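Colleague: Got a minute to go through this model with me? I'd like to start with the ligand.

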Amino acid sequence: MYAFNYHKVSSVADAAAKLASNSEAKLLAGGQTLIAALKMRLASPSDLVDLGGIAEMRGIKADGGKIVIGAMSTHAEVAASKDVKQSIPALAVLAEGIGDRMVRNMGTLGGSIANTDPAADYPAGVVGLGATIVTNQRSIAADDFFKGMYDTALQPGEIITKVSFPVPQKCGYSKFANPASRYAIVGVFVAQTASGVRVAVTGAGPSVFRVPEMEKALAANFAPEAVSRIKVSDGNLNSDMHASAEYRAHLVGVMAGRAVAAALAR
Ligand SMILES: Cc1cc2nc3c(=O)[nH]c(=O)nc-3n(C[C@H](O)[C@H](O)[C@H](O)COP(=O)(O)OP(=O)(O)OC[C@H]3O[C@@H](n4cnc5c(N)ncnc54)[C@H](O)[C@@H]3O)c2cc1C
(Lines give C-alpha, C1' and ligand atoms only; values in the text may rest on other atoms or scores of the structure.)
Protein backbone atom coordinates (compact mmCIF):
# COMPACT_ATOMS: atom_id res chain seq x y z
CA MET A 1 0.00 0.00 0.00
CA TYR A 2 1.06 3.57 -0.60
CA ALA A 3 0.90 5.53 2.61
CA PHE A 4 0.78 9.27 2.04
CA ASN A 5 -1.50 12.18 2.81
CA TYR A 6 -3.01 13.91 -0.21
CA HIS A 7 -3.55 17.69 -0.21
CA LYS A 8 -5.32 19.59 -2.96
CA VAL A 9 -4.33 23.25 -2.55
CA SER A 10 -5.69 26.33 -4.32
CA SER A 11 -2.83 28.82 -4.04
CA VAL A 12 0.96 28.91 -4.22
CA ALA A 13 1.01 30.19 -0.62
CA ASP A 14 -1.02 27.14 0.53
CA ALA A 15 1.34 24.80 -1.33
CA ALA A 16 4.38 26.49 0.21
CA ALA A 17 2.83 26.23 3.69
CA LYS A 18 2.20 22.51 3.24
CA LEU A 19 5.79 21.97 2.11
CA ALA A 20 7.15 24.04 4.98
CA SER A 21 5.23 22.00 7.54
CA ASN A 22 6.63 18.69 6.35
CA SER A 23 10.12 18.05 4.99
CA GLU A 24 8.99 14.70 3.52
CA ALA A 25 6.21 16.28 1.42
CA LYS A 26 6.46 16.42 -2.38
CA LEU A 27 4.73 18.52 -5.01
CA LEU A 28 2.54 16.73 -7.55
CA ALA A 29 2.11 18.35 -10.98
CA GLY A 30 1.15 16.15 -13.97
CA GLY A 31 2.33 13.01 -12.18
CA GLN A 32 3.94 11.63 -15.35
CA THR A 33 7.23 11.01 -13.54
CA LEU A 34 6.30 11.15 -9.88
CA ILE A 35 3.43 8.62 -9.98
CA ALA A 36 5.68 6.12 -11.77
CA ALA A 37 8.38 6.72 -9.13
CA LEU A 38 5.82 6.04 -6.37
CA LYS A 39 4.63 2.87 -8.07
CA MET A 40 8.21 1.62 -8.40
CA ARG A 41 8.88 2.60 -4.75
CA LEU A 42 11.64 4.98 -5.88
CA ALA A 43 9.95 7.76 -3.91
CA SER A 44 7.95 7.51 -0.71
CA PRO A 45 6.81 11.00 0.33
CA SER A 46 4.71 11.34 3.47
CA ASP A 47 2.50 13.95 1.76
CA LEU A 48 1.61 14.84 -1.81
CA VAL A 49 0.73 18.48 -2.46
CA ASP A 50 -1.32 18.57 -5.67
CA LEU A 51 -0.74 21.78 -7.66
CA GLY A 52 -3.57 21.00 -10.11
CA GLY A 53 -6.07 23.40 -8.48
CA ILE A 54 -3.83 26.50 -8.49
CA ALA A 55 -5.22 28.87 -11.13
CA GLU A 56 -2.31 31.35 -10.76
CA MET A 57 0.11 28.67 -12.03
CA ARG A 58 -1.77 28.19 -15.31
CA GLY A 59 -2.03 30.23 -18.48
CA ILE A 60 0.16 31.56 -21.25
CA LYS A 61 0.52 35.33 -21.76
CA ALA A 62 2.33 37.55 -24.25
CA ASP A 63 3.96 40.28 -22.16
CA GLY A 64 5.93 42.82 -24.19
CA GLY A 65 8.85 40.96 -25.72
CA LYS A 66 8.21 37.87 -23.62
CA ILE A 67 5.95 34.87 -23.48
CA VAL A 68 5.19 33.95 -19.88
CA ILE A 69 4.02 30.38 -19.31
CA GLY A 70 2.53 29.18 -16.03
CA ALA A 71 4.37 26.21 -14.55
CA MET A 72 1.20 24.08 -14.55
CA SER A 73 0.63 24.61 -18.27
CA THR A 74 0.59 21.25 -19.98
CA HIS A 75 2.73 20.37 -22.98
CA ALA A 76 -0.48 20.19 -25.06
CA GLU A 77 -1.44 23.74 -24.01
CA VAL A 78 1.99 25.08 -24.96
CA ALA A 79 1.89 23.22 -28.30
CA ALA A 80 -1.56 24.66 -29.09
CA SER A 81 -0.97 28.23 -27.87
CA LYS A 82 -1.41 30.87 -30.58
CA ASP A 83 1.01 33.20 -28.77
CA VAL A 84 3.70 30.52 -28.56
CA LYS A 85 3.21 29.43 -32.17
CA GLN A 86 3.41 33.01 -33.40
CA SER A 87 6.30 34.29 -31.27
CA ILE A 88 8.40 31.21 -30.41
CA PRO A 89 7.31 28.57 -32.93
CA ALA A 90 10.14 26.18 -32.05
CA LEU A 91 8.85 25.98 -28.47
CA ALA A 92 5.46 24.82 -29.77
CA VAL A 93 7.26 22.26 -31.94
CA LEU A 94 9.25 21.09 -28.90
CA ALA A 95 6.09 20.69 -26.77
CA GLU A 96 4.23 18.91 -29.57
CA GLY A 97 7.08 16.38 -29.84
CA ILE A 98 7.02 15.31 -26.18
CA GLY A 99 5.95 11.74 -25.45
CA ASP A 100 2.46 10.78 -26.58
CA ARG A 101 -0.96 12.47 -26.36
CA MET A 102 -1.58 11.35 -22.77
CA VAL A 103 1.82 12.57 -21.57
CA ARG A 104 1.26 15.91 -23.34
CA ASN A 105 -2.19 16.30 -21.79
CA MET A 106 -0.93 15.62 -18.25
CA GLY A 107 2.77 16.59 -18.11
CA THR A 108 3.63 20.20 -17.24
CA LEU A 109 6.39 22.69 -17.99
CA GLY A 110 7.18 23.11 -14.27
CA GLY A 111 7.24 19.35 -13.62
CA SER A 112 9.51 18.76 -16.57
CA ILE A 113 12.17 21.29 -15.62
CA ALA A 114 11.97 20.52 -11.88
CA ASN A 115 12.56 16.86 -12.70
CA THR A 116 15.34 17.64 -15.23
CA ASP A 117 15.57 14.25 -16.87
CA PRO A 118 18.77 14.31 -18.96
CA ALA A 119 16.69 13.41 -22.03
CA ALA A 120 13.85 15.90 -21.42
CA ASP A 121 13.09 18.42 -24.17
CA TYR A 122 12.21 21.57 -22.21
CA PRO A 123 15.69 22.17 -20.74
CA ALA A 124 16.95 22.78 -24.31
CA GLY A 125 14.19 25.34 -24.95
CA VAL A 126 14.62 27.05 -21.58
CA VAL A 127 18.41 27.39 -21.93
CA GLY A 128 18.34 27.95 -25.71
CA LEU A 129 16.01 30.91 -25.29
CA GLY A 130 17.74 32.25 -22.15
CA ALA A 131 14.49 32.04 -20.19
CA THR A 132 13.95 33.04 -16.57
CA ILE A 133 12.48 30.56 -14.10
CA VAL A 134 10.27 32.26 -11.54
CA THR A 135 9.67 30.53 -8.21
CA ASN A 136 7.71 31.48 -5.11
CA GLN A 137 11.01 32.86 -3.76
CA ARG A 138 13.09 34.33 -6.62
CA SER A 139 13.90 34.47 -10.33
CA ILE A 140 16.61 32.16 -11.69
CA ALA A 141 18.36 32.58 -15.05
CA ALA A 142 18.22 29.44 -17.19
CA ASP A 143 22.03 29.26 -17.28
CA ASP A 144 22.04 28.97 -13.47
CA PHE A 145 19.07 26.62 -13.08
CA PHE A 146 20.19 23.23 -14.46
CA LYS A 147 22.96 21.84 -12.26
CA GLY A 148 23.38 18.25 -13.46
CA MET A 149 21.53 14.97 -13.90
CA TYR A 150 18.14 15.38 -12.13
CA ASP A 151 19.68 18.34 -10.28
CA THR A 152 18.52 21.96 -10.31
CA ALA A 153 19.09 25.15 -8.35
CA LEU A 154 15.72 24.65 -6.59
CA GLN A 155 15.96 24.67 -2.80
CA PRO A 156 13.69 22.67 -0.48
CA GLY A 157 10.29 24.37 -0.36
CA GLU A 158 10.80 26.22 -3.64
CA ILE A 159 7.97 26.05 -6.19
CA ILE A 160 8.32 27.00 -9.85
CA THR A 161 5.36 29.28 -10.62
CA LYS A 162 6.11 30.38 -14.20
CA VAL A 163 8.79 30.63 -16.86
CA SER A 164 9.41 33.81 -18.85
CA PHE A 165 10.73 33.25 -22.37
CA PRO A 166 12.21 36.21 -24.32
CA VAL A 167 10.94 36.25 -27.90
CA PRO A 168 13.88 35.55 -30.26
CA GLN A 169 14.33 36.80 -33.82
CA LYS A 170 14.49 33.23 -35.08
CA CYS A 171 14.50 29.82 -33.43
CA GLY A 172 14.50 26.14 -34.29
CA TYR A 173 14.42 22.81 -32.45
CA SER A 174 15.42 19.44 -33.80
CA LYS A 175 15.40 16.16 -31.91
CA PHE A 176 16.57 12.66 -32.65
CA ALA A 177 13.91 10.93 -30.56
CA ASN A 178 13.86 7.58 -28.86
CA PRO A 179 11.25 5.83 -31.01
CA ALA A 180 9.47 4.32 -27.98
CA SER A 181 9.27 7.18 -25.46
CA ARG A 182 10.07 10.18 -27.71
CA TYR A 183 12.61 11.35 -25.09
CA ALA A 184 15.59 13.04 -26.76
CA ILE A 185 18.57 10.89 -27.63
CA VAL A 186 19.85 14.28 -28.75
CA GLY A 187 17.83 17.49 -29.09
CA VAL A 188 19.25 20.88 -30.09
CA PHE A 189 17.51 24.25 -29.66
CA VAL A 190 18.94 27.23 -31.56
CA ALA A 191 17.84 30.84 -31.00
CA GLN A 192 19.00 33.98 -32.77
CA THR A 193 18.48 37.06 -30.58
CA ALA A 194 19.50 40.72 -30.67
CA SER A 195 22.35 39.92 -28.29
CA GLY A 196 23.69 36.83 -30.05
CA VAL A 197 22.96 33.20 -30.84
CA ARG A 198 22.31 30.50 -28.25
CA VAL A 199 22.66 26.76 -28.87
CA ALA A 200 21.44 24.36 -26.16
CA VAL A 201 21.75 20.58 -26.29
CA THR A 202 19.67 18.05 -24.35
CA GLY A 203 19.83 14.26 -24.25
CA ALA A 204 23.52 14.08 -25.12
CA GLY A 205 25.04 14.68 -21.68
CA PRO A 206 24.08 14.37 -18.01
CA SER A 207 22.32 17.74 -18.28
CA VAL A 208 21.56 20.41 -20.86
CA PHE A 209 24.60 22.33 -22.10
CA ARG A 210 25.46 25.16 -24.49
CA VAL A 211 27.96 24.93 -27.36
CA PRO A 212 29.91 28.24 -27.50
CA GLU A 213 31.79 27.26 -30.68
CA MET A 214 28.49 26.79 -32.53
CA GLU A 215 27.06 30.00 -31.08
CA LYS A 216 30.08 31.93 -32.40
CA ALA A 217 29.92 30.31 -35.82
CA LEU A 218 26.19 31.02 -36.13
CA ALA A 219 26.62 34.64 -35.02
CA ALA A 220 28.93 35.06 -38.04
CA ASN A 221 26.81 33.00 -40.45
CA PHE A 222 23.35 31.81 -39.39
CA ALA A 223 23.25 28.81 -41.73
CA PRO A 224 23.18 25.01 -41.24
CA GLU A 225 26.62 24.56 -42.83
CA ALA A 226 28.14 26.84 -40.18
CA VAL A 227 27.52 24.21 -37.48
CA SER A 228 26.97 20.81 -39.00
CA ARG A 229 30.70 20.06 -39.19
CA ILE A 230 31.60 21.37 -35.72
CA LYS A 231 32.45 18.39 -33.52
CA VAL A 232 31.63 18.38 -29.82
CA SER A 233 33.83 16.20 -27.65
CA ASP A 234 32.26 12.87 -26.67
CA GLY A 235 34.29 12.83 -23.42
CA ASN A 236 31.41 13.84 -21.13
CA LEU A 237 28.50 12.52 -23.15
CA ASN A 238 26.09 9.72 -22.19
CA SER A 239 26.65 6.22 -23.49
CA ASP A 240 23.85 3.70 -23.01
CA MET A 241 21.78 1.04 -24.78
CA HIS A 242 20.22 3.73 -27.00
CA ALA A 243 23.38 5.39 -28.35
CA SER A 244 27.12 5.58 -27.71
CA ALA A 245 28.78 8.84 -26.67
CA GLU A 246 30.49 8.99 -30.06
CA TYR A 247 27.16 8.67 -31.90
CA ARG A 248 25.55 11.31 -29.66
CA ALA A 249 28.47 13.68 -30.41
CA HIS A 250 27.84 13.16 -34.13
CA LEU A 251 24.10 13.77 -33.66
CA VAL A 252 24.71 17.13 -31.97
CA GLY A 253 26.13 18.51 -35.24
CA VAL A 254 23.36 16.97 -37.34
CA MET A 255 20.54 18.19 -35.05
CA ALA A 256 22.11 21.67 -34.75
CA GLY A 257 22.17 21.96 -38.56
CA ARG A 258 18.53 20.84 -38.77
CA ALA A 259 17.50 23.26 -36.00
CA VAL A 260 19.07 26.17 -37.92
CA ALA A 261 17.38 25.02 -41.14
CA ALA A 262 14.03 24.90 -39.28
CA ALA A 263 14.62 28.42 -37.90
CA LEU A 264 15.34 29.74 -41.40
CA ALA A 265 12.31 27.99 -42.90
CA ARG A 266 9.82 30.06 -40.83
C1 LIG B 1 5.77 7.56 -21.47
C2 LIG B 1 6.41 8.89 -21.21
C3 LIG B 1 7.07 9.53 -22.26
C4 LIG B 1 7.67 10.76 -22.04
N5 LIG B 1 8.32 11.36 -23.07
C6 LIG B 1 8.92 12.55 -22.89
C7 LIG B 1 9.57 13.22 -23.96
O8 LIG B 1 9.58 12.79 -25.11
N9 LIG B 1 10.17 14.41 -23.69
C10 LIG B 1 10.14 14.99 -22.44
O11 LIG B 1 10.70 16.06 -22.25
N12 LIG B 1 9.50 14.40 -21.41
C13 LIG B 1 8.89 13.20 -21.61
N14 LIG B 1 8.22 12.63 -20.57
C15 LIG B 1 8.14 13.34 -19.26
C16 LIG B 1 6.87 14.21 -19.16
O17 LIG B 1 6.82 15.06 -20.25
C18 LIG B 1 6.73 15.15 -17.90
O19 LIG B 1 7.12 16.45 -18.20
C20 LIG B 1 7.53 14.78 -16.76
O21 LIG B 1 7.17 13.44 -16.48
C22 LIG B 1 7.31 15.62 -15.47
O23 LIG B 1 6.22 16.51 -15.52
P24 LIG B 1 4.94 16.34 -14.60
O25 LIG B 1 4.16 17.59 -14.74
O26 LIG B 1 4.26 15.06 -14.91
O27 LIG B 1 5.57 16.33 -13.13
P28 LIG B 1 5.41 15.31 -11.89
O29 LIG B 1 5.68 13.92 -12.32
O30 LIG B 1 4.14 15.57 -11.17
O31 LIG B 1 6.61 15.85 -10.98
C32 LIG B 1 7.97 15.64 -11.34
C33 LIG B 1 8.88 16.25 -10.25
O34 LIG B 1 8.85 17.67 -10.32
C35 LIG B 1 8.42 18.24 -9.06
N36 LIG B 1 7.58 19.38 -9.42
C37 LIG B 1 6.49 19.34 -10.21
N38 LIG B 1 6.02 20.58 -10.41
C39 LIG B 1 6.84 21.43 -9.72
C40 LIG B 1 6.88 22.85 -9.56
N41 LIG B 1 5.98 23.66 -10.15
N42 LIG B 1 7.86 23.38 -8.80
C43 LIG B 1 8.80 22.59 -8.24
N44 LIG B 1 8.81 21.23 -8.34
C45 LIG B 1 7.84 20.65 -9.10
C46 LIG B 1 7.67 17.09 -8.37
O47 LIG B 1 7.69 17.22 -6.96
C48 LIG B 1 8.47 15.87 -8.83
O49 LIG B 1 9.64 15.73 -8.06
C50 LIG B 1 7.61 11.39 -20.75
C51 LIG B 1 6.92 10.75 -19.71
C52 LIG B 1 6.32 9.52 -19.93
C53 LIG B 1 5.59 8.85 -18.81
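Modeller: Sure, we can take the ligand, then a pocket, then a few parts of the fold.
Modeller: Keep in mind that this is a predicted model.

Colleague: Which residues come nearest to the ligand?

Modeller: L27, Q32, T33, T108 and D121 come nearest, out of 30 residues around the ligand.

Colleague: What does the backbone of L27 do there?

Modeller: A polar backbone atom of L27 is 2.6 Å from an oxygen atom of the ligand. A29 also has a polar backbone atom by a ligand oxygen, at 2.8 Å.

Colleague: And T108, how far is its polar side-chain atom from an oxygen atom of the ligand?

Modeller: That distance is 2.7 Å.

Colleague: Switching to pockets. What volume does the second largest pocket have?

Modeller: About 270 Å³. It is lined by 16 residues, and D117, A119, D240, H242 and R248 are the closest to its centre.

Colleague: How does the lining split by class?

Modeller: The second largest pocket has 7 nonpolar, 6 polar and 3 charged lining residues.

Colleague: Now T202. Where does it lie?

Modeller: T202 is in strand β13, which covers residues 196-202.

Colleague: Buried or exposed?

Modeller: T202 is buried, because its relative accessible area is 1%, and the cut-off for buried is under 20%.

Colleague: What does its side chain have for a polar partner?

Modeller: The backbone oxygen of A120 lies 2.6 Å from a polar atom of the T202 side chain.

Colleague: Which other residues does T202 touch, beyond four places in sequence?

Modeller: Its contacts include P118, A119, A120, D121 and A124. Y173 is in contact with T202 as well, and so is the run A184, I185, V186 and G187.
Modeller: Two of those names came up earlier: A119 is among the residues closest to the centre of the second largest pocket, and D121 is among those nearest the ligand.

Colleague: What about G257, which helix holds it?

Modeller: Helix α12, residues 245-265. G257 counts as buried because its relative accessibility is 8%.

Colleague: What does G257 contact away from its sequence neighbours?

Modeller: P224 and V227. The C-alpha atoms of G257 and S228 are separated by 5.0 Å, with the two residues 29 apart along the chain.

Colleague: Last one. Why is helix α5 described as largely enclosed by the rest of the structure?

Modeller: Because 6 of the 8 residues in α5, residues 89-96, are buried.

Colleague: Which ones are buried in α5?

Modeller: P89, A90, L91, A92, L94 and A95.

How values were computed: Residues are numbered from 1 along each chain as its sequence is written. This is a predicted model: local features need pLDDT of at least 70, side-chain atom pairs count only at pLDDT 80 or more; totals for chains, interfaces and linings use all residues. Side-chain values use heavy atoms; hydrogens and water are left out. Helices (H or I, at least four residues) and strands (E, at least two) are DSSP runs, numbered from the N terminus. Buried means under 20% relative accessible area, exposed over 50%, partly exposed in between (1.4 Å probe, protein chains only). A polar contact is a pair of N or O atoms within 3.5 Å; within protein, one must be able to donate a hydrogen and the other to accept it, and residues adjacent in sequence count only if both atoms are side-chain atoms. Contact means heavy atoms within 4.5 Å. On a 1 Å grid over the protein atoms alone, a cavity is a set of points where a 1.4 Å probe fits but cannot get out, and a pocket is an open set with protein on both sides within 12 Å along at least five of seven lines; lining residues have an atom within 4 Å of a point. Grid points are joined across faces, edges and corners, and a volume is the space filled by probe spheres set on the points. Ala, Val, Leu, Ile, Met, Phe, Trp, Tyr, Cys and Pro count as nonpolar, Asp, Glu, Lys and Arg as charged, and the others, Gly among them, as polar. A residue is near a molecule or strand if one of its heavy atoms lies within 4 Å of it.
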